[in-house]
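Grab your viewer and a coffee: here are a few short exercises, each with a worked solution. Try each task before reading on.

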Amino acid sequence: MKFQAKDQGLHSKQHNSIKFIHASDIHLGCAQYQNEYRADDFITAFKQVLYLGIKNSVDFIILAGDVFTSIDILPEKLLQIIKLLEKFHKRTNNIIPIIAIEGNHDLRRYSRGLKTERTQSWLKLMNHLGLMILLQACENGDKRQKLEFQEYNSKSKIGNLLKIRFANIFGTSYRGERPKSHILNLYNSIEKKEDEFNILLQHFGIAGQMDNVPGLNLCVVNKLSNKVDYLALGHFHLQYTIGGWIYNPGSTEAACSVDNLFNRGVFFVEVFKDANGFSKRVKSIKLINREILWKTICLPFQFKEKNKFFEYLLSQLSLYLKDFRNELKPTNYQLPLLYLKIIGIKPVKTCKITKKEIRKLICGSFSILDARIYFEYNRPSKSIVQYL
Ligand SMILES: [Mn+2]
């Protein structure tokens, strides 16, 4: 596999420009709500990332961690991902490397409730197979040792720095909530040359970008701006950019229900080099994700019979879902996923209504992919402005 992007008609003819796609938090293998089609949505989003790479004739694609959602994945899904990557490299003559780092989800230690001895990840397998380039430090077992960037060796498949034309791509794995010292280590280890464009791949969030989610202090991270031209982040699932050099694209599919409320996508970046230095153009591209519906139903009185409750539920939903009666295939992203909140007066206990039953009833009555049910009884409907 050739890592040096050669001009084969696919890349831009200008050697003074570099193009790349920056994506993050793909969460491959996510089997959300135990729905197989939903699991495929995450692979479909990844497919779109790869397609954008081809369409824009990029020099490389960078993935800033959480490429896989956990170490548990069904063989069928893994095979699907491997085949997708093989097809991508074949179609592009191996000239668009996919460069990744491990996020906290890639490095999960738990497998089916059991804690594994050491951290392991599917990205190490992808790296071994030559389907992705995993930027990681060589394992020397001594974490106190100074961080050193070593150029990726295509034979040993080891290294944490990849050079592509005038771009240097540095990357390290996620290892817990980063202390300030990590930024200092990065600062001391990264070499900055005037005529080279430094990209740093990291999996952490910046404090203040998401409510109630801890992150690194911007003042600390800002120190890197002398050494780094483009800080490619992942971790927070919503999109943000800071100071014209820090970029976080957000998750490619909604890995949890709140992700649906965030602005998310991928970045298409073009870097131009001229006598005055570098200039860049960063475009945020939205991906096509599964249609999501939010609905709140308020129970106006106490239901005493299950059948009456179900009748009411269906009549309320049919007003809302009447347009979704046409038969769409589950693979079609327009077939929606429904988030249903039931509020108002709780039916009597003897009704024994379960979420499982409601889900079955709704999925059997309307053209939807799946339904998630939340009971929030006995709250005044007025106070509920929006879901979540
Ligand atoms: Mn994530």
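**Exercise 1.** Into which domains is the protein chain divided?

*Solution.* Keep in mind that this is a predicted model. The chain splits into domain 1, covering 17-285, and domain 2, covering 292-383. Taking the C-alpha centres of domain 1 and domain 2, you get a separation of 38 Å.

**Exercise 2.** Work out what the interface between the two domains is made of.

*Solution.* Start with contacts, using heavy atoms within 4.5 Å: seven residues of domain 1 touch eleven residues of domain 2. Next comes area: the two domains bury about 880 Å² between them, with 62% of it on carbon and sulfur atoms. On the domain 1 side, Tyr 33, Tyr 37 and Asn 260 lose the most area to domain 2, together 60% of what that side buries. Now sort the touching residues of domain 1 by class: three are nonpolar, three polar and one charged. Finally, check specific pairs: there are zero salt bridges between the domains, but three residue pairs are in polar contact.

**Exercise 3.** Find the protein donors of the manganese ion and place them along the chain.

*Solution.* Step one, list the donors: Asp 25 (OD), His 27 (NE2), Asp 66 (OD) and His 237 (NE2), at 2.1 to 2.4 Å from the manganese ion. Step two, write their spacing as a pattern: D-x1-H-x38-D-x170-H. Step three, locate a pair: His 27 sits in the loop between strand E1 (17-23) and helix H1 (36-55), while Asp 66 sits in the loop between strand E2 (60-63) and helix H2 (75-91), so this pair ties together parts that are 39 residues apart in sequence.

Methods:
Residues numbered from 1 in each chain as written. Predicted model: local features only at pLDDT ≥ 70, side-chain atom pairs only at ≥ 80, totals over all residues. Heavy atoms only, no water. Domains from an automatic or database assignment. Buried area = accessible area lost by both parts, 1.4 Å probe. Salt bridge = Lys/Arg side-chain N within 4 Å of Asp/Glu carboxyl O. Polar contact = N/O pair within 3.5 Å; in protein donor to acceptor, adjacent residues only side chain to side chain. Nonpolar A, V, L, I, M, F, W, Y, C, P; charged D, E, K, R; others polar. Donors = N, O, S within 2.8 Å, 3.2 Å for Na, K, Ca; no water. Helix = DSSP H or I, 4+ residues; strand = E, 2+ residues; numbered from the N terminus.
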